[in-house]
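Could you walk me through this model, stop by stop, while I have it open in my viewer? Please tell me what to select next and what is there.

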Amino acid sequence: MRTASHAPELRAAAQHIGRRRFLTVTGAAAALAFAVNLPGTAHAAELDAKKITEDPFTLGVGSGDPKPGSVLLWTRLATRPYEPDSGLPRAKVSLRWELAHDSGFTRIARRGSVTAHPEFHHSVHVDVLGLDNDRPYYYRFRAGNWISPTGRTRTAPARSALISELKLAAVSCQAYHDGYFTAYKHLAEEELDAVFHLGDYLYEYAVDGVGGARKYTDRRLPSHYNRETVTLEDYRLRYGLYKSDPDLKAAHAAHPFIVTWDDHETENNYADETPENDVPPEEFLLRRAAAYRAYWENQPLRKPQQPAGPDMQLYRRLYFGQLAQFDILDTRQYRSDQAYGDGWQIPGPESEDPARTLTGAEQERWLLDGWKASHARWNVVPQQVTFAQRRDVPTGTFKLSMDSWDGYPASRARVLAGAQAAGIENLMVLTGDVHVGYGLDLKKDFNDPASRTVGTEIVATSISSGKDGAEKPANWDRLTQANPHMKFYNGRRGYVTVTLGEQQARADFRTVSAVTTPGAPVTTAASFVTEAGDPGLKPV
């Protein structure tokens, strides 16, 4: 990894941070130093938006985290998104926003103004309140004479509302250098209530001048993309590259996104404060602080998710009437380090240590307490890594992934026991990470195929990571034989839609044939249902 050029005040502060930082006076001082360059200066320079001569809405618009009567609107001004300053001076800019009942904006529901601060790379997060429940809305921003693309969003139903159906999509893993975001073009055309992004929104790896597997012939990407992301400027630039993709912009404009991260938004397979590579803890925390800051700036997230240095509470809970409760997890920031050096390993005392945790104790309590209070028909857990057991071979000696829940079986057992204790009958886990689509039954005891099925897991394949993939990857026979609870396995790119109803939930695995060339059509590879009160995937 290259030497990082972090801001000197952050580097000085990080030297005082211990493994359990921010619990001391020194830690508090470090936290303040990590918060430098936050807005708040009364006499900050201001740019008259009417003097902006190039389109500042090159990254489009987005919305997220729908609640009853409320939704979060996002945009980031960038006239030149491939440049470090995005083409704008270090000055605040006043924007206007409108939210309407119709796409022609003849019936305005709410309007207002918001300031785009240079400290947040001219991103804005507008929490619009006082709206009708369970209604679609259209929104846009204005900067001087420039008008953004129009976005469509919707609010959630009242928590007490009886709704008959909810349709969502789950997506993950969109390595720019591995191919085009064709799946997003098709996703934008789906009729959906929300999209859940389950992590790896961007990758830290270098992107060469032709965009890797995209093999551009009509453009040349700047050389600063051809390096690993480490600093705040690096991560900001990488979001500028990703979010300028037209298919990703179309998906964000079409649907509200509910996002969580995995590892690559920061660094491959990091665990809490332990980096993948052998670098000092304070160096990694600087990198984590930079990655978290850029993530918040570029996602439709509310104020409670704004990071404080290298810490950011991303786990949160959303409700869609009495039909569904969504407990969105963060399985990266609080986890124990991977056992046996990570990778696929034979399980043993180290991985099976009951003290190990994937969620951290506080998040685990929050999840189980939320289930105890739940009255939802479906309790859905959008998260990152595979929850069900995955043996690599159908023989007596097998290996498991130490980065997934298989590397933390005691943590998984506590979660499943908590669901049972809370009387959760319709548990569904949504997963990303592995660049394939899986349909899995969750078993009370994965080592006993006859054990009771206690829920289902729907794994969304990648948008582009892994390049084109294959319908049947090389290990298809081994994995399906080794894991009888695996009802579906497909290695193409795409996404999955899930339709929740009172009587059943339906999963449609949508795939594209190629991502290394643009324009591939989308097809439904398979469809499954799981019935309310009778968990287990059945093919349609």
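Here is a tour of aromatic rings, helix pairs and a few loop residues. Please keep in mind that the model is predicted.

**Aromatic rings**

Start by showing the side chains of Phe, Tyr and Trp: a search of the whole structure turns up 23 aromatic pairs. Select Tyr203 and Tyr205, whose ring centres lie 6.2 Å apart with 45° between the planes. An angle under 30 degrees would count as stacked and one over 60 as edge-to-face, so this pair is tilted. Which of the two partners is buried? Tyr203 is, at 3% relative accessibility, while Tyr205 is partly exposed at 31%.

Next, select Phe320 and Phe326. This pair is edge-to-face, with the planes at 85° and the centres 5.6 Å apart. Turn on a surface and look for the two residues: both Phe320 and Phe326 are buried.

Now pick a longer list: Tyr176, Tyr180, Phe181, Tyr184, Tyr216, Tyr242 and Phe257. Ring pairs join these residues into a cluster. Stay with Tyr176 and add Arg214, which lies over the face of the Tyr176 ring, 3.7 Å from its centre.

For another charge over a ring, select Arg317 and Trp366. The charged end of Arg317 is placed over the Trp366 ring, at 4.1 Å from the centre.

**Helices H7 and H8**

Trp366 falls within the range of the next selection, helix H7 (residues 361–372); show it with helix H8 (residues 409–421). Two packed helices are described by the angle between their axes and the distance between the axes. For H7 and H8, the angle is about 20° and the axes are 9 Å apart. Are they roughly parallel or roughly antiparallel? The angle makes H7 roughly parallel to H8, and their crossing is right-handed.

Which residues meet here? Show side chains for Glu364, Leu367, Leu368 and Trp371 on the H7 side, and for Ser411, Arg414, Val415, Gly418 and Ala419 on the H8 side.

**Helices H4 and H6**

Move on to helix H4 (residues 232–243) and helix H6 (residues 281–297), whose axes come within 8 Å and cross at roughly 30°. Angles under 35 degrees count as roughly parallel, and H4 and H6 are therefore described that way. The crossing of H4 and H6 is right-handed.

To view the contact, select Leu232, Tyr235, Arg236 and Tyr239 in H4, then Arg287, Ala290, Ala291, Arg293, Ala294, Tyr295 and Glu297 in H6.

**Ala254 in H5**

Go to helix H5 (residues 246–254) and pick Ala254. Is Ala254 buried or exposed? Ala254 has a relative accessible area of 14%, so it is buried. Leaving out residues up to four places away in sequence, Ala254 touches Arg152 and Ala188. If you draw a C-alpha to C-alpha distance from Ala254 to Glu165, the model gives 19 Å for two residues that are 89 apart in sequence.

**Two residues with positive phi**

Select Phe105, in the loop between strand S4 (92–100) and strand S5 (108–116). Its phi is near 60°, a positive value in a residue other than glycine. Phe105 counts as buried, at 9% relative accessibility.

Then select Asp134, in the loop between strand S6 (123–128) and strand S7 (136–143). Asp134 is not a glycine either, and has a positive phi of about 50°. Its relative accessible area is 27%, so Asp134 is partly exposed.

**Two more loop residues**

Where is Thr53? Look in the loop between strand S1 (46–47) and strand S2 (61–67). Thr53 is exposed, with 69% relative accessible area. Add Thr79: the C-alpha atoms of Thr53 and Thr79 are 8.6 Å apart in space, with their positions 26 residues apart in sequence.

The last stop is Val393, in the loop between strand S16 (378–382) and strand S17 (400–401). Setting aside neighbours within four places in sequence, Val393 is in contact with Phe398, Arg478 and Ala482. Finally, select Asp477 as well: Val393 and Asp477 are 84 residues apart in sequence, and their C-alpha atoms are 9.1 Å apart in space.

How values were computed:
Residues are numbered from 1 along each chain as its sequence is written. This is a predicted model: local features need pLDDT of at least 70, side-chain atom pairs count only at pLDDT 80 or more; totals for chains, interfaces and linings use all residues. Side-chain values use heavy atoms; hydrogens and water are left out. Rings of Phe, Tyr and Trp (its six-membered ring) pair if their centres lie within 6.5 Å; planes under 30 degrees apart count as stacked, over 60 as edge-to-face and the rest as tilted. Buried means under 20% relative accessible area, exposed over 50%, partly exposed in between (1.4 Å probe, protein chains only). A charge sits over a ring if NZ of Lys or CZ of Arg is within 6 Å of the ring centre and within 35 degrees of the ring normal. Axes are lines fitted to C-alpha atoms, for helices over the stretch in contact, and angles run from 0 to 180 degrees between N-to-C directions. Helices (H or I, at least four residues) and strands (E, at least two) are DSSP runs, numbered from the N terminus. Angles under 35 degrees count as roughly parallel, over 145 as roughly antiparallel, 65 to 115 as roughly perpendicular and the rest as oblique. A crossing is left-handed if the near helix is turned anticlockwise from the far one by less than a right angle, and right-handed if clockwise. Contact means heavy atoms within 4.5 Å.
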